[in-house]
Amino acid sequence: MAETIPKISKPKKGLGSIVIVAFAFLGAAVGSGGALVGVATLKPGLLIGRAAPPAPVAQAATAIEYVELDNAFTSNLADTGRYLQLRIAVSNTGGPPVAAALAQHKLAIVSAVLAVLGEVGEADVADRAAKTKLRATVRTAINDVLSHNAHVGGVDEVFFTSLVVQ
């Protein structure tokens, strides 16, 4: 008689081992994706093959400097009994030479601004466009003083920090 040898069957891969393998791959994929997102936030353009844009180079000559004149300018409006009071600040990109010239020639600048304001009528402060034109006129007066007295570049912009008509 022939003896039967029992067959040893290989254990079947069940659903449990497939799930474990799937979760292992999923975890690795999520971790890698998170790392890529983290790198992408640190270096823009990395994921699409472009280099990050270069950082802007700061130049001292083009840095904007603001200077507020500490005078309150008061003048009668030319065409009415009302008066105008304003305070101004200026910006420049000329650096320390312009800032020093503003301080040194302050009295001449105040006089020039008051001369401009002495010619201002009510229509010259009536709306935004008129005020913009007045700012440009004041800027021209300040730049004329700086050009004539200090021989430096002038201010780029004039700002009204306070403006009252009464």
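## Surroundings of helix α2

The cover over the buried residues of α2 includes β1 (65–68), β3, α3 and α4; contact here means heavy atoms within 4.5 Å, and buried means under 20% relative accessible area, exposed over 50% and partly exposed in between, with a 1.4 Å probe and protein chains only. Helices (H or I, at least four residues) and strands (E, at least two) are DSSP runs numbered from the N terminus.

The model is predicted: local features need pLDDT of at least 70, side-chain atom pairs count only at pLDDT 80 or more, and totals for chains, interfaces and linings use all residues. Residues are numbered from 1 along each chain as its sequence is written, and side-chain values use heavy atoms, with hydrogens and water left out.

## The two faces of α2

Val 98, Ala 99, Ala 101 and Leu 102 are the buried residues in α2. Viewed down the axis of α2, they fall within an arc of 160° and so line one face of the helix; the arc is that of the directions from the helix axis to the C-beta atoms. On the face turned away from this buried side, α2 carries the exposed residues Pro 96, Ala 103 and Gln 104.

## Packing of α2 on α4

The axes of α2 and α4 cross at roughly 95° and come within 10 Å. These axes are lines fitted to C-alpha atoms over the stretch in contact, with angles running from 0 to 180 degrees between N-to-C directions. The crossing makes α2 roughly perpendicular to α4, a class that covers 65 to 115 degrees, whereas angles under 35 count as roughly parallel, over 145 as roughly antiparallel and the rest as oblique.

Val 98, Ala 101 and Leu 102 of α2 meet Ile 142, Leu 146 and Ala 150 of α4 in this contact. Its residues comprise 6 nonpolar, no polar and no charged, where Ala, Val, Leu, Ile, Met, Phe, Trp, Tyr, Cys and Pro count as nonpolar, Asp, Glu, Lys and Arg as charged, and the others, Gly among them, as polar.

## Helix α4

Helix α4 (residues 128–150) has 23 residues, which at 1.5 Å a residue should span 33 Å; its end C-alpha atoms are 32 Å apart, in agreement. The expected span is 1.5 Å times one less than the number of residues. His 151, with a positive phi near 55°, follows α4.

The buried residues of α4 are Ala 130, Leu 134, Val 138, Ala 141, Ile 142, Val 145 and Leu 146, and they pack against β3 (83–92), α2 (96–104), α3 (106–117) and β4 (157–165). Ala 130 counts as buried because its relative accessibility is 15%.
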